[in-house]
Amino acid sequence: MKTSAESYHFLPTGHSCSNWRLHMAAVATPSLPNQNKLPSFSSRIPAPIVLLQMCSNFQEVRQVHAQLVVSGLIERPINGGRLLQAYVTVSNFNYALSTFDSISNPDVFAYNTMMRGLILSKSPYHALKLYSRLLLDGLKPDNYTYTFVLKACSQVNALFEGREVHGRIIKAGIAPDTYIHSSLINMYSSSSDGLVCAERVLAGFSEDNTLAKNSLISGYLSQGQVESARKMFDNLVAKDDASWSAMVAGYTKNGMYAEALVIFRKMLSSQVSPNESALVSSLCACANLGALDQGKWIHAYIDRIGARISVTVGTALIDMYAKCGSIENAYEVFRKMPQKDVVSWGAIISGFAIHGRAAKCFELFDDMVAGGIHPNEVIFVGILSACSHAGYVETGYKYFDQMVHHYGIKPSIEHYGCMVDLLGRAGRLAEAEGLIMSMPELPNSVIWGAFLGACRMHSDVRRGNLAFKHLTDLEPTSGDRYKLAGIMFANAGEKENATKIRTIITDNDLETTRGVSSIEIDGVVHEFVAGTINHSRHKEIYRMWERVNRLLEIHELEICIPF
DNA sequence: GTAGGGTTAG
């Protein structure tokens, strides 16, 4: 470490040394973390180092950092590594990086800790660079180094580099432990080509290793090989929470939502308490199924076990309630969340957008910005789709402009989709067409589909024909596109074209879909198809629905225990 | 003398 406080320039740019000294004086005195819980002072370890291990947030680490500088303890190289570690554990990666830079001769521990920080902050490329620097420094990588570098490789699908690391591990004669094994499997199974190697790695390890087996299960699932994963999972003797949650997450990721809920239920009946990942995945499955009762049950379960609602779980709850049609519950969860990140704001804004509450979306957007959270591209998808549902063309333009020029976000195809939809619905077809032509990338079927829908709505056969031509190129087998065009021609009185299209649909046996909505009663999902009025039990369902509403008012969550 | 699963949310 640098030897004096004056030359100690670890702070991010904008802080001068004199400011730092003043600041140190201000923070060094007030409440330090849990001083009363300190172990006895007979210990040889200096008090600030003990404190460092007890820090649970950034402010505390910074205070102890100040003490380390004042006491000169920072000058011992080992303490520099400890400080770095503390910044990584409280997820302040800028301070971690500055601390690392201020260490003059970082040892393997410092390198490992910094690599871990870079992986946690989703900078795997930097972690890989640091690994090369470690080798250039002539240091000898250890088991931790290999675990982290393999993790970085799997994050960027660097199969080639990963193989090289694998070779180096073998050549170095390191005895690979369970962690290295599971990291190798993760690395190889980040691409479908590597799965065979992953299987071989597992086969070459004699001990029973649940960690590595879980990794291979996740690998199969990430490559869509659900059957292989399930087989391996069923044969697993010691299933831990990670094994279960890998299955729940894997089913959800592969769109098999019902299976995800079934295995989640099995997890609970096997007396394994679900971890955060399993809760989030199963809530995601509920959201996609519209299974409000099951979602509410999971919410009640979380409350019952007294788990603190984390940002991640809270966000998954918001999304579930919003997608299951219960925006009020979503908003309640949102308001009660002690911490929110940009994803939580995105979930609630998109939720209100789905429900057509544009004004509320704008209000939330302002609150978010006022709270110092920087909107990302997803926030604008929510805002623009709210504009389009409400028909606010000028507001939509305003936000689109703000996104590009004020926030420097490059519009994605989804943003263009919202704008085309917005302009098209409002009948401003020439503007919509101009926007499509100005797009930097090639318009996809979503864009042309929205445009065709708008042309049909406003009986613009010339432009509609253009959209239809593009759609037949992009999606030649989608019956829906032909159907829409057929309706457009029929409405415009062009009977010849309309019948031509109808014969295309029947001759080629193209499938068309109909609008479907569903409600869930007593754990069973009932579907209603647009245009049909005689669902076999619709009267009964209506009566049950009324009863459910009454019950909900009386006991809130008590009725939903489907498991 | 400090350490490492999996990873979901818009």
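**Helix 28 and helix 29**

I began with the handedness of the crossing between helix 28 and helix 29, and in this predicted model that crossing is left-handed. I then listed the residues that make the contact: helix 28 contributes Gly-479, Tyr-482, Lys-483, Ala-485, Gly-486, Phe-489 and Ala-490, while helix 29 contributes Asn-497, Ala-498, Ile-501, Ile-504 and Ile-505. Sorted by class, the contact holds eight nonpolar, three polar and one charged residues. For the geometry I noted that helix 28 spans residues 479-491 and helix 29 spans residues 495-507, that the angle between them is about 160 degrees, and that their axes lie 8 Å apart. Because angles over 145 degrees count as roughly antiparallel, I entered helix 28 and helix 29 as a roughly antiparallel pair.

**Helix 3 and helix 4**

I looked up a second helix pair, made of helix 3 (residues 58-71) and helix 4 (residues 77-89), which pack at an angle of about 165 degrees with axes 9 Å apart. This pair is therefore roughly antiparallel, and I recorded the crossing of helix 3 with helix 4 as left-handed. On the helix 3 side I found Phe-58, Val-61, Arg-62, His-65 and Leu-68, and these meet Leu-83, Ala-86 and Tyr-87 of helix 4. By class I have six nonpolar, one polar and one charged residues in this contact.

**Chain A as a whole**

I next turned to the overall composition of chain A, for which I have 30 helices and two strands. Of its 563 residues, 46% count as buried. I also checked how far along the sequence the contacts reach, and among those between residues at least 6 apart, 57% join residues at least 24 apart.

**Annotated repeats**

I consulted the UniProt record, an unreviewed entry, whose annotation "repeat: PPR" covers residues 107-141, 142-176, 240-274, 310-340 and 341-375. I took two of these spans to see how they look in the model. Residues 142-176 are 77% helix and 0% strand, with the end C-alpha atoms 10 Å apart. For residues 341-375 I noted 74% helix and 0% strand, and here the end C-alpha atoms are again separated by 10 Å.

**Two positive phi values**

I asked where Lys-122 sits, and found this residue in the loop between helix 6 (108-120) and helix 7 (124-136). Its phi is near 55 degrees, which I flagged as a positive value in a residue other than glycine. With a relative accessible area of 73%, Lys-122 is exposed.

I made a parallel entry for Asn-157, which lies in the loop between helix 8 (143-155) and helix 9 (159-172). Phi of Asn-157 is near 55 degrees, again positive in a residue other than glycine. Its relative accessible area is 47%, so I entered Asn-157 as partly exposed.

**Three buried positions**

I then examined Leu-150, which belongs to helix 8 and has a relative accessible area of 0%, so that I listed it as buried. Setting aside neighbours within four places in sequence, I found Leu-150 in contact with Gly-162, Val-165, Ile-169, Ile-180, Ser-183, Leu-184 and Met-187. For one of these partners, Met-187, I looked up the backbone separation from Leu-150: the two residues are 37 apart along the chain, and their C-alpha atoms are separated by 6.0 Å.

Ile-263 was my next entry, in helix 15 (residues 257-269), where a relative accessibility of 2% makes it buried. Beyond neighbours within four places in sequence, the residues I found touching Ile-263 are Arg-230, Phe-233, Trp-244, Met-247, Val-248 and Tyr-251. I also noted Ser-245, which is 18 residues from Ile-263 in sequence, with a C-alpha to C-alpha distance of 9.0 Å.

I finished with Ser-215, which is placed in helix 12 (residues 210-222). Is Ser-215 buried or exposed? At 7% relative accessibility, Ser-215 counts as buried, because the cut-off for that class is under 20% relative accessible area. Not counting residues up to four places away in sequence, I have Ser-215 touching Ser-182, Ile-185, Asn-186 and Ser-189.

Notes
Residues numbered from 1 in each chain as written. Chains lettered and ligands numbered in written order. Predicted model: local features only at pLDDT ≥ 70, side-chain atom pairs only at ≥ 80, totals over all residues. Heavy atoms only, no water. UniProt positions renumbered as here; feature names shortened; annotations may be inferred. Helix = DSSP H or I, 4+ residues; strand = E, 2+ residues; numbered from the N terminus. Axes fitted to C-alpha atoms, helices over the stretch in contact; angles between N-to-C directions. Parallel < 35°, antiparallel > 145°, perpendicular 65-115°, else oblique. Left-handed = near helix turned anticlockwise from the far one by under 90°. Contact = heavy atoms within 4.5 Å. Nonpolar A, V, L, I, M, F, W, Y, C, P; charged D, E, K, R; others polar. Buried < 20%, exposed > 50% of the residue type's maximum accessible area, 1.4 Å probe, protein only.
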